[in-house]
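Work through the two exercises below with the sequence and the structure at hand. Each task is followed by a solution in steps.

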Amino acid sequence: MSKKIDIEVLADAGSALYVSERKVYPRDVGGRYQVLRKAAVFVLLGMFYLFPWLSWDGRQAVLFDLPARKFYVFGLNFWPQDFIFLALLLIIAGMALFFFTTLAGRLWCGYACPQTVWTEVFLWIERWTEGDRHRRMKLDAGPWNRGKLLRKGGKHLLWLLFALWTGLTFAGFFVPIRGLAARAPMGWSGWETFWVLFYALATWGNAGFLREQVCKYMCPYARFQSAMFDRNTLLIAYDPMRGEPRGPRRRGLPSVLERARGLLDVAAANDYVFRFAHAQQKVLAAGTTSVVDEGLKAEPLPKFSGEELGDCIDCTLCVQVCPTGIDIRNGLQYECIACGACIDACDEVMDKVGHPRGLIRYSTQNAIDGRPTRVLRPRVLFYGVLLAGLCAAWAWGVTHRSPLIAEVLRDRNALYREVAGDRIENGYTLKLVNKTVEPQRYRLDLQAPAGIELVGGGRAIQAPAEAVLNIPLTLSADRGLAGRHPVVFTVEALDGSTRTDVESSFFGPSR
């Protein structure tokens, strides 16, 4: 793209209410952080695409059966009465976000966010069909011909197939996926078709077209993340004291850490960053996002000798590899998703020029400014202890929840009824729920004051797997028993694994 076109784009962007930004062409880069990101992609997407196909005790391992109001997760089944565990899980997720953001910034965004994960896969497909960054830019700028049509068409075909697979998998978490796949597509119901196509379209649009726009404009996390940062939060940061002033230099020039110039003071380094950001040629190289404030004026940049230059050679690779198109050298920006691509790119350059790594690195603002820093501080420890406690409470609650639900509903049509033999009776309904996936046998008994009897006596109850039983019960007593009397129905598994006591009342004539 020519310099003239870039200037026109910037001029148009400054006068429009909505900025139609230039497409970002992230350059591929290797390095330790990109290895971690790829591992995260394979692990997370592997779980997403594999879990619905696994079987557990003859049932789909992960199935959210909304019509039956039951969730199955690897042998655990959750009923509507277990909603508290879902609420606690959401609290844990929110606390984890606070903890990791306070500790090390936007780790969620860079490594685990679905938008990031699926976008990475779509970028792999794009690089495979259209080539590296330079070839993709050249292809988009060139005229439509047979080669361009084949490459673009092949890319979108692969995107579409992958998106449809994603939509099928998403629906397969809520409908048995083997049956869903066997009936595809003509045997699908209207809702099944809607959700498969809807999720496929959402994946295709968000990961294929919107990409960084979702992170920059649609995601609320980018807007309030700064409220969880402080000067001791680990962030991806450029070291301006070491890197400024930036610029090309002769080969063999040692690092500032190895020559007399040393590190700049904070004020001078930040002033150079400010000037470079406002210099037009650097704005044009900064991708889609700039920190330039048109209301502030910067002094022109002087010419620097080789000995005055910092370690940044101004190769702009850190900008080229950024998936959101920002220049990390301009300081922390809300668009940064902490993917670490700029670190890996800069480390490669530092290795080539013979300088120590770490010009761009994970660090705290205090450490960059040469001040004492504490990563493990009271707020982080508080969040960590609270998060661990919530996780322990959730795990204990799930593993110790009762597999039996028993409730007794008293007949409210009458306090009591008179029957032959000068006796009175109260009617009840025992609602019994076997939450396990195995048949169970229970023993029903009554604990009551003398004179109150369970008609038919104690009994054994056979409950099929996941059965909901409504069992009518009758308590009887002599008519002379007046007033209200507490009673307790006891339901206990024959193997002694669980027991539930349900309190109720027996009513006789009032005196």
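The exercises concern a helix pair and a small set of strands in a predicted model.

**Exercise 1. Helix packing**

Determine how helices α3 and α18 are oriented to each other, and which residues meet between them.

Solution.

Step 1. Take α3 as residues 83-104 and α18 as residues 378-400; their axes come within 9 Å and cross at roughly 155 degrees.

Step 2. Angles over 145 degrees count as roughly antiparallel, and α3 and α18 are therefore roughly antiparallel to each other.

Step 3. The handedness of the crossing in which α3 passes α18 is left-handed.

Step 4. On the α3 side, the contact includes F85, L88, I92, M95, F99 and T102. Their counterparts in α18 include R379, Y383, L387, L390, W394 and V398.

Step 5. Sorted by class, the residues in the contact of α3 with α18 are 19 nonpolar, 3 polar and 1 charged.

**Exercise 2. Strand order**

Work out the order of the strands in the sheet formed by β3, β4 and β5, and identify the edge strands.

Solution.

Step 1. The sheet is open, has 3 strands and runs in the order β3-β4-β5, with antiparallel pairing.

Step 2. β3 (62-65) and β5 (76-78) each have a single partner strand, so each is an edge strand with one side left without a neighbour in the sheet.

Step 3. On average, and with direction ignored, neighbouring strands of this sheet are turned by 10 degrees against each other.

Step 4. For the pair of β3 with β4 (residues 70-73), count 4 bridges in the antiparallel sense. In β4, K70 is the residue opposite D65.

How values were computed: Residues numbered from 1 in each chain as written. Predicted model: local features only at pLDDT ≥ 70, side-chain atom pairs only at ≥ 80, totals over all residues. Heavy atoms only, no water. Axes fitted to C-alpha atoms, helices over the stretch in contact; angles between N-to-C directions. Helix = DSSP H or I, 4+ residues; strand = E, 2+ residues; numbered from the N terminus. Parallel < 35°, antiparallel > 145°, perpendicular 65-115°, else oblique. Left-handed = near helix turned anticlockwise from the far one by under 90°. Contact = heavy atoms within 4.5 Å. Nonpolar A, V, L, I, M, F, W, Y, C, P; charged D, E, K, R; others polar. Pairing = 2+ DSSP bridges.
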